Amino acid sequence: VLFGTLLPYCVRVMKSVEAGPRQGVASMESASTPVPEERPRITCFLWLLGFNGALGGFLFGYDTGSMSSAMLQLKLDRSEHGLDEHALTDFQQEFVTSAVVFGAFFSAVSAGKFNECLGRRKVLLLGSGVFVCGAILQGLSMNFSFLIIARTISGFGVGFSSHSVPLYISECAPKALRGSLCFLNDLCVVFGQVSSAAVGTAFYYAEVQAGWRFILGASALPAAVMFFGFFVMPESPRYLVMQGKLDEGREVLKKLRAGISDRGIEAELMNIQQNVELESSDRPAGLDKYFKDASIRRPLLLGCGLMLLQQWVGINTIMYYGSSILQKSNGDGDLNPFSSANKRNVALSILINSAQFWGVLLSWFLVDRIGRRPLILSSIVGLTLALFAMGSVYVMDEPPKTLVVTTMMVYLVLFGVGMSPVPWTVNAEIYPLDVRAKCISLSTGMNWLMNFVVAQTFLDMSILLSTSRDDPGGHPDGVFWLFGCIGVVGFVVVYKALPETKGKTLEEISELFKRPGDSMREHLRVGS
């Protein structure tokens, strides 16, 4: 909570000292007379927006990362303070780990419809409330089936939050802060993963019996704080305009754009209203509109492609199986939960997860300076080289543990610089207003689906693609080379398809994906 409190303030300070004025309103073309350049004043609503975004990311990261350390205890039988009467099988352990991803996939896909019907704010309240219930139930779980249900409920909360937090931020934040606030959300996802490792390490070194209950249940507190944080926030002004509530939208803009003149507020409101009318007219009806309308199809394919690429360069194989990968390099056995080897492996996860954190932190300072496109392209080049290097290390007969850890950390830093936050930020920006919620649902669902596929196939692929015939399980070189090849293909696609969105309003970004003649609306606009 302290971290989430301080970082939004740092964003504001960083932006307030940036050289040169910037426009504080959306596209000026819609105003009849020029509007002076203005800056919004930092208010409690903008501060709370950043704070809530940080909490949403933190919960996402903590819940997905906490199982790594908790599993060492809960997989034991009940006589040793584990979960069930009998020790969990490998299949049951995989099922427990993936239950959150399973729930997140379905809630992320349906979140677009919920956002259209209920609004962004109410969906975020729903997600945080579900999160609280899921966390408490995880801590109280008495058997395998109970925990699966609790983890799935938590996954519903994760899916709603991962979809709606970036959407809400993108529609509420001033354009000059939008990138930093979306990156702050992603930064706190990684911080949540680091925190879950730190909490697990503390319980293991203290040798707390049934400590897994506290590790899993601890996320209920920040989830409750996030619920009350969004409870006092207003609805997104763009959603209010879509519902025809112009007066309410105007009042919300005044709160979020303090320091902007009434003239500037009216210009932004008029711009939003005009784009809502233009984008909601002349669309094909039904689901086929996402394929027939090129102005939707182009950004949707890009957004889903970025999410697919994010997972298929292997990030969650490190997050979920980092300890197993380290075991392959030094031959650690399956020891009791409080052995020195297990304590060391849990503690090492702090170091490994921190590498991605520092990469995301660096990107946070660069996103609104050099842009989204240079960050993600440079990130793909670096992580692809790191993947090939990681595979080469495992060709050795006895891979040095120091070299394995080093290549893993280099990979995570380079992934964090661009490939981690940019897909989420770009997906929150590129879609036309009237289909933004549904498109983000589809792209977020793609992310969770690919997350599930990669996590469930990594161990099998590491053996199938190994170049070692004697010990394929101990030399997972081929799978990392496969991820590296995917990175090469991904670089070419991103280089050709991704435009720069830095410093543009959401309405201006939508225009980047339109071509003359895409629809009759375009001809009418040209004619007028």
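Is the crossing of helix 2 and helix 8 left-handed or right-handed? To get there, let's start with the whole chain and then work inwards. Keep in mind that what you're looking at is a predicted model.

Scan the chain from end to end and you'll meet 22 helices and zero strands. The chain has 528 residues, and 60% of them count as buried. Now think about which residues touch each other. Take the contacts between residues at least 6 apart in sequence: 81% of them join residues at least 24 apart. As for the outside, the chain exposes about 20,200 Å², with carbon and sulfur atoms supplying 66% of that area.

Back to our two helices. Helix 2 covers residues 44–74 and helix 8 covers residues 220–231; their axes come within 10 Å and cross at roughly 150°. Angles over 145 degrees count as roughly antiparallel, and helix 2 and helix 8 are therefore roughly antiparallel to each other. And the opening question? The crossing is left-handed. If you'd like to find the place where they touch, look on helix 2 for residues including Leu48, Phe51, Leu55 and Leu59, which belong to the set that meets helix 8. On the helix 8 side, the residues taking part include Pro222, Val225, Met226 and Phe230.

Next, let's hunt for charged pairs. The structure holds six salt bridges, and a good one to begin with is in helix 10. There, arginine 250 pairs with aspartate 247, their closest N and O atoms being 2.9 Å apart. Both residues sit in helix 10 (residues 246–256), three residues apart, which is about one turn of the helix. Aspartate 247 is exposed, with a relative accessible area of 55%.

Arginine 250 also forms a salt bridge with glutamate 266, and here the closest N and O atoms are 2.5 Å apart. Glutamate 266 belongs to helix 11 (residues 262–280) while arginine 250 belongs to helix 10, so this pair ties together parts that are 16 residues apart in sequence. Glutamate 266 is partly exposed, at a relative accessible area of 32%.

Another salt bridge links the side chains of arginine 372 and glutamate 429, at 2.5 Å from N to O. Arginine 372 lies in helix 16 (residues 372–393), and glutamate 429 lies in the loop between helix 18 (422–427) and helix 19 (436–464), so the pair ties together parts that are 57 residues apart in sequence. Are these two buried or exposed? Both arginine 372 and glutamate 429 are buried. Going back to the earlier trio, salt bridges with shared partners join Asp247, Arg250 and Glu266 into one network.

Terms used:
Residues numbered from 1 in each chain as written. Predicted model: local features only at pLDDT ≥ 70, side-chain atom pairs only at ≥ 80, totals over all residues. Heavy atoms only, no water. Helix = DSSP H or I, 4+ residues; strand = E, 2+ residues; numbered from the N terminus. Buried < 20%, exposed > 50% of the residue type's maximum accessible area, 1.4 Å probe, protein only. Contact = heavy atoms within 4.5 Å. Areas by Shrake-Rupley, 256 points an atom, 1.4 Å probe, with all protein chains shown as cover. Salt bridge = Lys/Arg side-chain N within 4 Å of Asp/Glu carboxyl O. Axes fitted to C-alpha atoms, helices over the stretch in contact; angles between N-to-C directions. Parallel < 35°, antiparallel > 145°, perpendicular 65-115°, else oblique. Left-handed = near helix turned anticlockwise from the far one by under 90°.
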